[in-house]
Amino acid sequence: MIKKCLTIAGSDSSGGAGVQADLKTFSALGTYGMSCISALTAQNTQGVDKVENVSQAMIRGQLAAIYSDIVPDAVKTGMLSCRETVETVAGFLESHNQAPLVVDPVMVATTGARLLDEEAIISYKERLIPLATLVTPNIPEAEVLSGMAIHTEEDMKQAAEKIMGLGPKAVLIKGGHKVHDATDFLYDGETFHVFRGEKIDTENTHGTGCTLSSALAVYLAQGYSVVRAAALAKKYLTGAIRKAAVEKVGHGHGPVSHFWFYGNDWGKMK
Ligand SMILES: Nc1ncnc2c1ncn2[C@@H]1O[C@H](COP(=O)(O)OP(=O)(O)OP(=O)(O)O)[C@@H](O)[C@H]1O
Ligand SMILES: Cc1ncc(COP(=O)(O)O)c(N)n1
């Protein structure tokens, strides 16, 4: 039976990040995608012009409608925008969700705009991250969550240990913000797994974090371990960045391209 994945995230009007990137990833990887929209953004590849939060009643309404009919096999959260929304989503998932949960603690867009209120961070730490199968901060987000500066790979590991103290089952610190390579670190409380990646020379990285966390949700829905899901998701994302490097959309940070995967032999990805 087809696997069903749910994204709880913000809408990106230009289609490169947020719910739109998540649904494209779910489809490209052969799953059925569903969405609960937490905020609307008016943005493009050059910047975010406006953000409007969806009401808490409407967020609860979307989640209730989904769960009363279709049980997700995996869930991911993206931009949650404000403290109330983090609390609402955590409260709902606590009582309704049994599927693997990937928490991408989106704080700032590639273009520099803030996508999360400062007061929401405490709710992430106390309510949502403890429910996560995997939390996927980039380096600046990992600094905020761990309370320490990250300059070296050793720092990434130490920060991962501190974030594990918040209660998730595993943490993946993404290295896209490092200058020389794109190496990610996964820590499951016992072992550090390193996913080395070549840094592709392109400014077209809009939606990388959203795409990675959605691909992780897909592979967890399909029953892969967190470690295997991380390897497969990075492979999918790297293909999508490589294609974006030669296929620019928009005038700023172009979106990653999901089309690279269509027509690929599915078996070869495993
Ligand atoms: N230029 C690049 N070349 C190869 N991989 C990259 C590049 N930039 C980012 N990545 C990879 O993309 C994933 C997302 O990493 P990043 O640190 O950019 O997260 P993020 O900041 O949350 O993403 P976003 O920019 O969408 O918010 C990681 O697996 C990272 O290694
Ligand atoms: C709705 C929404 N969610 C997430 C991001 C982060 O993605 P990026 O850092 O690639 O801009 C975004 N820009 N917009």
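**Exercise 1. Find out which residues Leu216 is in contact with, leaving aside its neighbours within four places in sequence, and place Leu216 in the fold.**

Solution. Start with the contacts: once the neighbours within four places in sequence are set aside, Leu216 touches Val102, Leu134, Thr136, Ala229, Ala230 and Ala233. Keep in mind that this is a predicted model.

Next, the element: Leu216 sits in helix α7. Now the burial. The cut-off for a buried residue is 20 or more other C-beta atoms within 10 Å. Leu216 has 29 of them within 10 Å, so Leu216 is buried.

Then look at the core. The largest nonpolar core has 70 residues, and Leu216 is among the members that touch the most others, along with Ala215, Ala217, Val218 and Ala233. Ala233 was also one of the contacts of Leu216.

For a distance check, take His96: Leu216 is 120 residues from His96 in sequence, and their C-alpha atoms are 21 Å apart.

Finish with Val218, another of those core residues. Beyond four places in sequence, Val218 is in contact with Cys5, Thr25, Phe26, Leu29, Thr31 and Ala74.

**Exercise 2. Work out which elements give two or more residues to the shell around ligand 2, then do the same for ligand 1.**

Solution. Take ligand 2 to begin with. There are 18 residues around ligand 2, and the nearest are Gly10, Ala17, Gly18, Ala109 and Thr110. Two elements supply two or more residues to this shell, β1 (4-12) and α7 (208-221). The largest share, four residues, is from β1. Sorted by class, the shell around ligand 2 holds seven nonpolar, 10 polar and one charged residues.

Now ligand 1. Here 23 residues make up the surroundings, with Asn138, Lys174, Gly176, Ala182 and Gly209 coming nearest. The elements giving two or more residues to the shell of ligand 1 are α7 and α8 (226-245). The class count for ligand 1 is seven nonpolar, 12 polar and four charged residues.

Put the two side by side: α7 turns up in the list for ligand 2 and in the list for ligand 1.

**Exercise 3. Decide whether Ser81 and Phe195 are buried or partly exposed.**

Solution. Apply the burial cut-off of 20 again. Ser81 has 24 C-beta neighbours inside 10 Å, so Ser81 counts as buried. Ser81 belongs to the loop between β4 (74-77) and α3 (83-96). Its backbone deserves a look too: phi of Ser81 is near 75 degrees, a positive value in a residue other than glycine. Most residues other than glycine have a negative phi.

Phe195 has 19 other C-beta atoms within 10 Å, so Phe195 is partly exposed. Phe195 is part of strand β9 (residues 192-195). Beyond four places in sequence, Phe195 is in contact with Thr183, Asp184, Leu186, Ala230, Ala231 and Lys234.

**Exercise 4. Describe the protein as a whole, beginning with how many helices and strands the protein has.**

Solution. Count the elements: eight helices and nine strands. The radius of gyration is 17 Å, close to the 18 Å from the globule rule for 270 residues, so the protein is as compact as a globular protein of that length. Of those 270 residues, 49% count as buried.

Now the contacts. Among those between residues at least 6 apart in sequence, 69% join residues at least 24 apart.

Last, the record. An unreviewed UniProt entry annotates residues 12-256 as "domain: Pyridoxamine kinase/Phosphomethylpyrimidine kinase". In the model, that span is 41% helix and 17% strand, and its end C-alpha atoms lie 14 Å apart.

Definitions and conventions
Residues are numbered from 1 along each chain as its sequence is written. Chains are lettered from A and ligands numbered from 1 in the order in which they are written. This is a predicted model: local features need pLDDT of at least 70, side-chain atom pairs count only at pLDDT 80 or more; totals for chains, interfaces and linings use all residues. A residue is near a molecule or strand if its C-beta atom, placed from the backbone, lies within 6 Å of it. Ala, Val, Leu, Ile, Met, Phe, Trp, Tyr, Cys and Pro count as nonpolar, Asp, Glu, Lys and Arg as charged, and the others, Gly among them, as polar. The radius of gyration is taken over C-alpha atoms; the globule rule is 2.2 Å times the number of residues to the power 0.38. A residue is buried if 20 or more other C-beta atoms lie within 10 Å of its own, exposed if 12 or fewer, and partly exposed in between; C-beta atoms are placed from the backbone. Two residues are in contact if their C-beta atoms, placed from the backbone, lie within 7 Å. UniProt positions are given in the numbering used here, feature names are shortened, and annotations may be inferred rather than shown by experiment. A nonpolar core is a set of buried Ala, Val, Leu, Ile, Met, Phe, Trp, Tyr and Cys residues joined through C-beta atoms within 7 Å.
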